[in-house]
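Trainee: Please pick one part of the surface and take a close look at it with me. After that, carry on inward and tell me how the rest ties together.

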Amino acid sequence: HDSSTGGAVPPAAVGQEMDEQAVQWLHWMDNNRIGVRKAIGADYRKRRYWALGGRAGCWRVFVECNEGSSWAWYEGEALVALIDWLQRGGIDREQPLLKALELCPIPKKQAQGGSVACPPEELEQRRPDGYRTVVAPLLRGECNGVLPSGGRALTVEDRISACCEALLVDMDFFTQPRESTARMCQLLETIKSCTSATQMCRLVLEVEAVLYESGVMHEDWEQQLRASWREGLNRPGISMRDVALHLVTCQQFVKEQDHLLTRLAFMRRVHEYRCPLFYPAVGEVVTTFRSGVRLHLDRYCAMSQYYPVKDVEAARERLQDMQPVERYKILAIGYRSYPFSEIPPW
């Protein structure tokens with residue numbers, strides 16, 4: 001296909017309201033579950049087509065050629081022509097791509113003889129600014145939550161809360177003393193109630209203290225930055241943006257934990273392997289039976305020749321203090337996967 005000009009996606013003017021058709025574009029992406037992890041489809045020449053950038057890339061379909069060696073995009077009349085080309089081709093392997101593109105909302109305007117697709121320069125003026133709410137680099141945990149509806153971006157408070165939660169649950173808390181685990185649970189319960197910058201500062205300072213005392217921070221952290229970092233969070237008049245930037249610095253000094261996954265990657269594996277287990281959501285209350293938990297963990301430990309069971313064994317040791325029946329509230333969820341050290345017979 002002949003494509004229109006390609007390149008980096010520039011931001012649109014700051015301060016504009018979300019265009020209704022831009023919201024429809026985001027709904028189209030959500031309904032087809034497409035984005036940076038899943039292409040719209042591919043044509044018979046093995047070129048893949050993507051919807052990237054969320055609202056910053058709305059009304060553009062990007063095409064990846066030669067396994068990523070070159071890129072371009074379609075928009076406006078070029079996108080209409082692409083759909084028409086696929087329709088006339090009638091190639092079976094292109095039908096999933098065609099069906100998705102036929103449903104994508106393309107802004108149009110009235111002209112002589114009927115409606116036509118809006119030209120690229122008009123789309124550029126209408127395209128929302130996808131970078132307006134970006135105040136810090138990617139924080140841990142942002143990929144584990146559910147995005148707000150209606151095209152609304154995550155707030156700074158949302159991002160800070162998600163990062164604090166991820167930093168706590170990603171460490172091996174089940175190997176820590178019970179006092180540390182209780183302190184961590186108390187922090188997890190207070191995360192959602194923090195709304196002001198002052199409250200967030202106290203939260204982030206407490207999270208860093210738990211991480212430091214648990215031994216998950218690199219040695220360079222104390223030698224180079226810890227004192228000045230904590231002093232910076234204690235200064236008066238600090239903004240929410242400053243809190244986020246301090247958190248970015250802190251997360252870079254956290255030791256990498258093995259086998260961590262995002263929520264999306266974890267649930268994809270659950271679907272692929274047809275795992276029958278029940279996964280509660282944050283905030284739900286679950287009832288556990290000690291005998292059932294013990295039996296479940298024992299079965300995993302019996303397969304130690306296929307994957308490491310250190311974490312499972314640590315969790316099993318905690319059962320000696322567990323009542324026969326107990327109720328728990330889910331405060332946070334961490335996601336892990338363990339690679340096989342030996343291919344199992346099944």
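Mentor: Let's settle one term before we look. A nonpolar patch here is made of residues with over 30% relative accessible area and no salt bridge, whose nonpolar side chains are joined within 5 Å. Keep in mind as well that you're looking at a predicted model.

Now the patch itself. Three residues form it on the surface: Met267, Leu277 and Tyr279. Together they offer about 230 Å² of accessible area. Met267 is the one to zoom in on. You'll find Met267 in helix α10, which runs over residues 263-272. Why does Met267 get past the accessibility cut-off? Its relative accessible area is 32%, so Met267 clears the over 30% that a patch member needs. That same 32% makes Met267 partly exposed, because the exposed class begins over 50%.

Stay with α10 and follow the chain onward. Arg274 sits in the loop between α10 and β7, the latter being 285-289. Its phi is positive, near 50 degrees, and Arg274 isn't a glycine. That's worth a second look, because most residues other than glycine have a negative phi. Arg274 counts as exposed, with 75% relative accessibility. Glu67 has a similar story to tell: phi is positive there too, about 55 degrees, again in a residue that isn't glycine. Look for Glu67 in the loop between β3 (61-65) and β4 (70-74). At 81% relative accessibility, Glu67 is exposed.

Go the other way from α10 and you meet His259, in the loop between α9 (240-251) and α10. His259 is partly exposed, with a relative accessible area of 27%. In sequence, His259 and Arg336 are 77 residues apart, yet their C-alpha atoms are separated by 5.4 Å.

Arg336 takes us on to the salt bridges. Side chains of opposite charge can pair when their charged atoms come close. The whole structure has 18 salt bridges. Arg336 pairs with Asp172, and the closest N and O atoms are 2.8 Å apart. This one ties distant parts of the chain together, from Asp172 in the loop between α5 and α6 to Arg336 in the segment after β8 (325-329), a span of 164 residues. Both Asp172 and Arg336 are buried.

Next, Asp298 and Arg316 form a salt bridge at 2.9 Å between the closest N and O atoms. Here the link runs from helix α11 (residues 290-301), home of Asp298, to helix α12 (residues 310-317), home of Arg316, with the two positions 18 residues apart. Are these partners buried, partly exposed or exposed? Asp298 is partly exposed at 30% relative accessible area, and Arg316 is partly exposed too, at 29%. Some bridges share partners, and in that way Arg60, Glu75, Glu124 and Arg127 join into one network.

Within that network, look at Glu75 and Arg127, whose side chains meet in a salt bridge of 3.1 Å, N to O. The two are 52 residues apart: Glu75 is in the loop between β4 and α2 (77-89), while Arg127 is in the loop between α4 (120-126) and α5 (156-169). Glu75 has just 5% relative accessible area, so Glu75 is buried. Arg127 is buried as well, at 0%.

One more stop inside. The search turned up 1 cavity of 30 Å³ or more, with a volume of about 40 Å³. Among the residues that line this cavity are Arg140, Leu167, Asp170, Met171 and Lys255. By class, the lining has 5 nonpolar, 1 polar and 3 charged residues.

Last, back out to the surface at Thr195, in the loop between α6 (178-190) and α7 (197-213). Thr195 is exposed, at 56% relative accessibility. Thr195 and Asp158 are 37 residues apart in sequence, and their C-alpha atoms are 9.6 Å apart in space.

Terms used:
Residues numbered from 1 in each chain as written. Predicted model: local features only at pLDDT ≥ 70, side-chain atom pairs only at ≥ 80, totals over all residues. Heavy atoms only, no water. 1 Å grid on protein atoms, 1.4 Å probe; cavity = no way out; pocket = protein on both sides within 12 Å on 5 of 7 lines; lining within 4 Å. Points joined across faces, edges and corners; volume = space filled by probe spheres on them. Nonpolar A, V, L, I, M, F, W, Y, C, P; charged D, E, K, R; others polar. Patch = residues over 30% accessible without salt bridge, like charges linked within 9 Å, V, L, I, M, F, W, Y side chains within 5 Å. Areas by Shrake-Rupley, 256 points an atom, 1.4 Å probe, with all protein chains shown as cover. Salt bridge = Lys/Arg side-chain N within 4 Å of Asp/Glu carboxyl O. Helix = DSSP H or I, 4+ residues; strand = E, 2+ residues; numbered from the N terminus. Buried < 20%, exposed > 50% of the residue type's maximum accessible area, 1.4 Å probe, protein only.
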